[in-house]
Amino acid sequence: MLKLNAIKSDKIWGYEQWLASTHVNGCQKEFEQFVGGDYPLLVKVIQADDRLSVQIHPDDAKADLYEHCRGKTECWYVLSADEGAQLVYGMNGIYTPSEIRKAVASNSLEDMLRYVPVSKGDFVYIPAGTVHAIGGGLRLLEVQQSSDVTYRFYDWGRGRECHVEKAIACIKNDTLRTVTEFQGVFSCPYFMLEEITVEQNYSCKIDKPVGPVIPSDTVLFFVIDGSGTINGEAAKSEDIFAFAPGELFEATGDLHMMRIVPAEPKHRK
C-alpha cells in the first residue's frame, strides 16, 4: 500500500497536480518502483481559474504515427464548479478542415464550439479526437491514458503555440455523450471508475493476480470528500493513513471514494 505525493505544475490558467504518474514528464519514482514500471493511466487534479485552450488529443493510431506513444482518451469528474461554469465539449456542427482553418485564422472558432454548463458531481467522457476545453472556475479529477500529447489549436488570443494541422487531422465529432451527474460506475477500453460512498466502514478485497504482478494490476483510490483513515490487509500502525479530499491512495488488500482501475489494451507503450 502506498500513499502518493502529487507533482504540482503551475499554468497560466491555474495549476494541475499529477496524482499518479509514471510518465517521463512527471514520474513519481516511488510509484514507478511500486508498480514495477510503466503504469497505463495518469491521474490528475486540474484547477482552472481561467479557461484552458481548445484542444484535441490523438487516438492510439494517430499518436503512434505522430509521436510514437499512446493516445489520450480521458474523462473528467467535476469536484467543484463556480456558478455559471462551463466546458467546451465538441463542435456545434460538422465543419470541413478548410472552414476550421479559416475560423482559427480569423479568431472566430469559438462560434463553432459546443458549450456545456456543468456542476459539482458531473462526469464528462472525452474519447481521443474530441474537441474540448475546460472553462474557468472549475476543479476536476482527470483520469486519462498515460500520455502527455495535446494539440492546441485555439487559445483565445493568448498567443501560445498552436498545432492546427495535427489537431484537425485528429478531430472526431461522433463520440459525444450527454453530460450529466456521475452514475456510479463508468468503463471504457482504457479504465473503469466506481464511486463509493463509505458509511462508517467499507472493505474491498483486491485479489492478487495469477503470475507476475504487472502495472495494470494496481488499483487507485481518490478521496472525493469526507475524512477518515485507510489501511491495508494486516497493516501495522504506521501504515494507517489519515486522508482528506483531493488525495489519492493506491493499495492492495482491504480498503476504506473514487476507485480507478486500468484496462490496458494491446498497443504500443
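**Reading cores, a sheet and a helix**

Author: Welcome! In this predicted model, the largest nonpolar core has 27 residues, of which Leu 141, Val 143, Phe 191 and Leu 193 touch the most other members.

Reader: How should I read such a core, and which residues does Leu 141 touch?

Author: In soluble globular proteins, nonpolar side chains tend to be buried together. Here, leaving aside residues up to four places away in sequence, Leu 141 touches Leu 19, Val 43, Lys 44, Cys 75, Trp 76, Tyr 77, Leu 79, Phe 222 and Met 258. A second, separate core of 20 residues includes Val 54, Val 104, Leu 113 and Phe 153.

Reader: Now the sheet, please. What is the order of its seven strands?

Author: Strands of a sheet pair through backbone hydrogen bonds, either parallel or antiparallel. In this open sheet the order is 2-3-4-11-6-9-13, and the pairing is antiparallel. Strand 2 (7-11) and strand 13 (180-181) are at the edges with a single partner strand each, so one side of each has no neighbour in the sheet. Between strand 4 (residues 41-48) and strand 11 (residues 138-145) there are eight bridges, and Val 43 stands opposite Val 143.

Reader: And helix 3: which of its residues are buried?

Author: An α-helix has 3.6 residues a turn, so residues three or four places apart point the same way. In helix 3 (residues 97-105), Ile 100, Ala 103 and Val 104 are buried. Viewed down the axis, these buried residues fall within an arc of 100°, so they line one face of helix 3. Lys 102 and Ala 105, on the other side, are exposed.

Reader: What do the buried residues of helix 3 pack against?

Author: They pack against strand 7 (86-91), strand 12 (151-154) and helix 4 (164-170). After helix 3 comes Asn 107, with a positive phi near 55°.

Note on methods: Residues are numbered from 1 along each chain as its sequence is written. This is a predicted model: local features need pLDDT of at least 70, side-chain atom pairs count only at pLDDT 80 or more; totals for chains, interfaces and linings use all residues. Side-chain values use heavy atoms; hydrogens and water are left out. Two strands pair if DSSP finds at least two bridges between them. Helices (H or I, at least four residues) and strands (E, at least two) are DSSP runs, numbered from the N terminus. Buried means under 20% relative accessible area, exposed over 50%, partly exposed in between (1.4 Å probe, protein chains only). The arc is that of the directions from the helix axis to the C-beta atoms. Contact means heavy atoms within 4.5 Å. A nonpolar core is a set of buried Ala, Val, Leu, Ile, Met, Phe, Trp, Tyr and Cys residues joined through side-chain atoms within 4.5 Å.
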